[in-house]
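Colleague: I am new to this structure and would love some help finding my way around it. Could you take a close look at the contacts that charged and aromatic side chains make, and walk me through them step by step?

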Amino acid sequence: TNIKKLYPSADKIITVSNSIKNELDQILEKPYCITIHNGIKTTDSTYEACGFSNFILNVGRLHPQKGQSDLIKAFNLIKNIINENLLIVGDGIMRNQLEQEIQDLELQERVFLVGADSSYKYIKNCSLFVFPSYYEGFSNTILEVMSQKKNIVAYDYKGSDEILFNENLVPTADIDRLGSKILFYIQNKHESMILANKLFENSKNFSLDNTLQKYEEEIKKCVEL
């Protein structure tokens, strides 16, 4: 493959997650890779909030990878137990399919595809963020949510445990467990707040300044070779 041909000529390979690094280490004969996680800027707390309140949120491309179809099905399992609606921010190739699923489940008054928009103004007002991606490199969206002291439910895709806690995760593609975990945190606000605060503290390890400093250090090492 091109990876085996081209990557060994690099002085160093930087990956955004340990899971990607481990995969490359298995392909390459020498350990060329190090991990530098993505970082984010601290966002001003005065960022304008959206006009919605008391809702469950997902942000991402409307794509099979992102698991929004699973999320809609999981929401349908608990819709009669909770008052929160579901907002999905983003656009993509699955929009028509997701709209049809919403109609088929008669969720037009509970699930809303709001299109592409700035994520922060929705994060600020959400009750819970749900991220049912099947795979990721390293999600900046997750960092954004953590930095706003919001709790998260996510699939346990490869690398999810590098940034989230076990309490956040459910097995990938398990729609029943996804619905149950969402329901638990909606019904148990105190536990959700405790976990949100843990995520916020963890987000401080992923500042943009830290990331840029690590890149600068590695570039200097390469120059000195």
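**Charged and aromatic side chains**

Modeller: Happy to! Let's start with Arg95, which counts as partly exposed at 23% relative accessibility. Please keep in mind that this is a predicted model. Buried is the word for a relative accessible area under 20%, so Arg95, at 23%, does not fall into that class.

Arg95 has two charged partners to visit. One is Glu99: the two form a salt bridge in which the closest N and O atoms are 3.2 Å apart. Why do these two fit the spacing of a helix? Arg95 and Glu99 are 4 residues apart in helix H4 (residues 95-104), so about one helical turn separates them. Glu99 is partly exposed too, with a relative accessible area of 30%. The other partner is Asp91, whose salt bridge with Arg95 has its closest N and O atoms 3.9 Å apart. The cut-off for a salt bridge is 4 Å, so this pair, at 3.9 Å, falls within it. Asp91 counts as partly exposed, at 42% relative accessibility. Put together, Asp91, Arg95 and Glu99 are linked in a network of salt bridges.

How many salt bridges does a search of the whole structure find? The search finds 10. Another one to look up joins Glu218 and Lys221, with the closest N and O atoms 3.3 Å apart. Both residues lie in helix H9, 3 residues apart, which is about one turn of the helix. Here the two ends sit in differing surroundings: Glu218 is buried, with a relative accessible area of 12%, whereas Lys221 is partly exposed, at 43%.

Now for the rings. Searching the whole structure turns up 6 aromatic pairs. Among them are Phe52 and Phe55, an edge-to-face pair with 6.4 Å from centre to centre and 75° between the planes. Phe52 counts as partly exposed at 37% relative accessibility, while Phe55 is buried, with a relative accessible area of 1%. Next come Phe138 and Phe206, whose ring centres are 5.7 Å apart and whose planes meet at 40°, so this pair is tilted. Phe138 lies in the loop between strand S6 (128-131) and helix H6 (140-147), and Phe206 lies in the loop between helix H8 (189-203) and helix H9 (208-224), so the pair ties together parts that are 68 residues apart in sequence. Both members count as buried, Phe138 at 10% relative accessibility and Phe206 at 7%. You can also look for Phe129, Phe131 and Tyr157, which form one aromatic cluster.

To finish, here is where charge and ring come together. Lys198 lies over the face of Phe165, at 4.4 Å from the ring centre. Similarly, Lys149 lies over the face of Phe200, where the distance to the ring centre is 4.7 Å.

Methods: Residues numbered from 1 in each chain as written. Predicted model: local features only at pLDDT ≥ 70, side-chain atom pairs only at ≥ 80, totals over all residues. Heavy atoms only, no water. Phe/Tyr/Trp six-rings, centres within 6.5 Å; stacked < 30°, edge-to-face > 60°. Buried < 20%, exposed > 50% of the residue type's maximum accessible area, 1.4 Å probe, protein only. Lys NZ or Arg CZ within 6 Å of the ring centre and 35° of its normal. Salt bridge = Lys/Arg side-chain N within 4 Å of Asp/Glu carboxyl O.
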